[in-house]
Amino acid sequence: MTSGHLRSLEQRTLAIIMGGGAGTRLFPLTKDRSKPAVPLAGKYRLVDIPISNCINSGLRQMYVLTQFNSTSLIRHISAAYKFDQFSRSFVEVLAAQQTHKGAHWYQGTADAVRRNLRDFLQRPYDYFIILSGDQLYRMDYRDVLRQHIEKKSDITIATIPVSRAAASDFGIMHTDSDRRIIRFEEKPKEAALLDELKVPPPLLTELGKEPSEELYQASMGIYVFNRETLVRALDNDLVDFGKHVIPASIRSLPVHAYIFQGYWEDIGTIRAFFEANLKLADPVPEYSFFDSTSPVYTHARFLPASRINGATIKQAIISDGCKISDAHIERAVVGIRSYIGSGTSIRNSIVMGADFYDADMASKEKAGEVPYGIGKTCVIDHTIVDKNARIGDGSAISPEGKPACMDGENFYIRDGIVIIPKNAIIPAGTWI
């Protein structure tokens, strides 16, 4: 061990959270912010999930790597995660920067870690856990680390069992009965290849499954590296962990799979983001923010309780500091500081709210301007209304009858979902 003076496994481990690239699959939500800073579930950000998992796992030393539109992410992390100044705990953002060794953007996940390796190696960490910033799940990373040590692995990759129909959307790991990875295939589609990659029956039995089930181990994009292994794995020009580093490592190193069987959702696309948010409003959601043993942390804003006057609300999440008049809200997520006028109907939609209150709404209405929030007698259906958007009275927004993907004036449609971008102004009476 290189760090005998450190007291615990948690203190010997550094967490590295990948902030992603330009976030094109989540555009236009990433038009003015980085992907980890995209709002989630009314009051959180995507980055709160891996950071909270780390804190609940006792891992309190974290770096978040990013390079696009980092301002809101840095602001959020600096406001939300403040540890005791006498501890070693920290959450820091490392943005792409010019150095003597490189002056380019990160070319991939491995390249991003390589470019910051000198910072990661300054302290005597034995293990590095690399996490994605666009997934919704709850995991105790100590379980992954313990298996990593027990199996004497150089690399451990978290995997999740998926069906044959879903396997072609993921990188699939094939293991022996001891969970050692012996093969990797990126998004396999051929029937014969899928037959070869099935989880072996003895391992299915160990997982509590029927030996005849057709399940496959999909990579979750969560990796644990030994210190020396990470240094050697990045001593080259390979740019991505999933596509390059992991396949190369499997051929020469002991690489094992940690098989996770809880709820996990990759929310890297507009459709996946939309559906994952609305599922949180289900009566018994698969992922619950009400788990007091593993809470999700975020920026504490000290907002007042929401005020609701005569609204009809069914299957919805209402965040702090909202003002909702006589509206109908059904299967929706309503974010912080949202204003929703009387007679408005919101169905199957996400309203992200606002960064501040509009203290001058009455005078704006008198002057014919559109105030912040959603006005009166509006219809909002299958829509994401980003922060600080202004939607005038009598507007109707729906993707019905429109292409699945298009750019309009002050709106976008992606995956059949209408997105009203951040700070957009929709005049009264507009039909989209």
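# Walking through a predicted model

Q: In which loop does Lys 152 lie, between which helix and which strand?
A: Welcome to this predicted model. Helix 5 covers residues 141-150 and strand 8 covers 155-163. Lys 152 is placed in the loop between helix 5 and strand 8.

Q: Is Lys 152 buried or exposed?
A: The backbone here is worth a look too, as Lys 152 has a positive phi of about 55° although it is not a glycine. Its relative accessibility is 69%, and the cut-off for this class is over 50%. Lys 152 therefore counts as exposed.

Q: Which residue in the loop between strand 26 and strand 27 is named here?
A: Strand 26 spans 411-414 and strand 27 spans 417-420. The residue to look at has a positive phi of about 55° although it is not a glycine. At 36% relative accessibility it counts as partly exposed. Its name is Asp 415.

Q: What is the omega of the peptide bond from Phe 27 to Pro 28?
A: Pro 28 sits in the loop between strand 1 (13-18) and strand 2 (39-40). The peptide bond leading into Pro 28 from Phe 27 is cis. Its omega is near 10°.

Q: How many of the nine residues of helix 1 are buried?
A: Helix 1 runs over residues 48-56. Its buried residues are Asp 48, Ile 49, Pro 50, Ile 51, Ser 52, Asn 53, Cys 54 and Ile 55. Helix 1 is largely enclosed by the rest of the structure, because the number of its residues that are buried is eight.

Q: Which residue with a positive phi follows helix 1?
A: Moving on from the end of helix 1, you reach a residue whose phi is near 80°. That residue is Gly 58.

Q: Is Val 91 buried or exposed?
A: Val 91 belongs to strand 5 (residues 90-95). It touches Ile 51, Met 62, Val 64, Ile 77, Tyr 81 and Phe 83, not counting residues up to four places away in sequence. Its relative accessibility is 10%, and the cut-off is under 20%, so Val 91 counts as buried.

Q: How many Å separate the C-alpha atoms of Val 91 and Ile 77?
A: Ile 77 is among the residues that Val 91 touches. Along the chain, the two are 14 residues apart. Their C-alpha atoms are separated by 7.3 Å.

Q: How many residues has the largest nonpolar core?
A: The residues with the most contacts inside this core are Leu 29, Ile 51, Leu 131, Leu 136, Met 139, Phe 289 and Ile 384. A second, separate core of 33 residues includes Ile 16, Leu 117, Phe 120 and Ile 250. The largest nonpolar core has 67 residues.

Q: How many aromatic pairs does the structure hold?
A: Some aromatic residues also come together in a group: Tyr 44, Tyr 263, Tyr 287 and Phe 289 form one cluster. For aromatic pairs, the structure's total is 12.

Q: Why is the pair of Phe 225 and Phe 241 tilted?
A: Phe 225 is in strand 11 (residues 215-226) and Phe 241 is in helix 10 (residues 241-250), so the pair links distant parts of the chain. Both residues are buried. The ring centres are 5.5 Å apart, and the pair is tilted because the planes are at 50°.

Q: At what angle are the planes of the rings of Phe 356 and Tyr 372?
A: The centres of these two rings are 5.4 Å apart. Phe 356 is partly exposed, with a relative accessible area of 40%, whereas Tyr 372 is buried at 16%. The pair is edge-to-face because the planes are at 85°.

Q: Which helix gives the largest share of the lining of the second largest pocket?
A: About 320 Å³ of space lies in the second largest pocket. Of its 14 lining residues, the closest to the centre are Arg 45, Ser 72, Arg 75, Asp 355 and Lys 387. The lining divides into one nonpolar, four polar and nine charged residues. Its largest share, five residues, comes from helix 2.

Key: Residues are numbered from 1 along each chain as its sequence is written. This is a predicted model: local features need pLDDT of at least 70, side-chain atom pairs count only at pLDDT 80 or more; totals for chains, interfaces and linings use all residues. Side-chain values use heavy atoms; hydrogens and water are left out. On a 1 Å grid over the protein atoms alone, a cavity is a set of points where a 1.4 Å probe fits but cannot get out, and a pocket is an open set with protein on both sides within 12 Å along at least five of seven lines; lining residues have an atom within 4 Å of a point. Grid points are joined across faces, edges and corners, and a volume is the space filled by probe spheres set on the points. Helices (H or I, at least four residues) and strands (E, at least two) are DSSP runs, numbered from the N terminus. Ala, Val, Leu, Ile, Met, Phe, Trp, Tyr, Cys and Pro count as nonpolar, Asp, Glu, Lys and Arg as charged, and the others, Gly among them, as polar. A nonpolar core is a set of buried Ala, Val, Leu, Ile, Met, Phe, Trp, Tyr and Cys residues joined through side-chain atoms within 4.5 Å. Buried means under 20% relative accessible area, exposed over 50%, partly exposed in between (1.4 Å probe, protein chains only). Rings of Phe, Tyr and Trp (its six-membered ring) pair if their centres lie within 6.5 Å; planes under 30 degrees apart count as stacked, over 60 as edge-to-face and the rest as tilted. Contact means heavy atoms within 4.5 Å.
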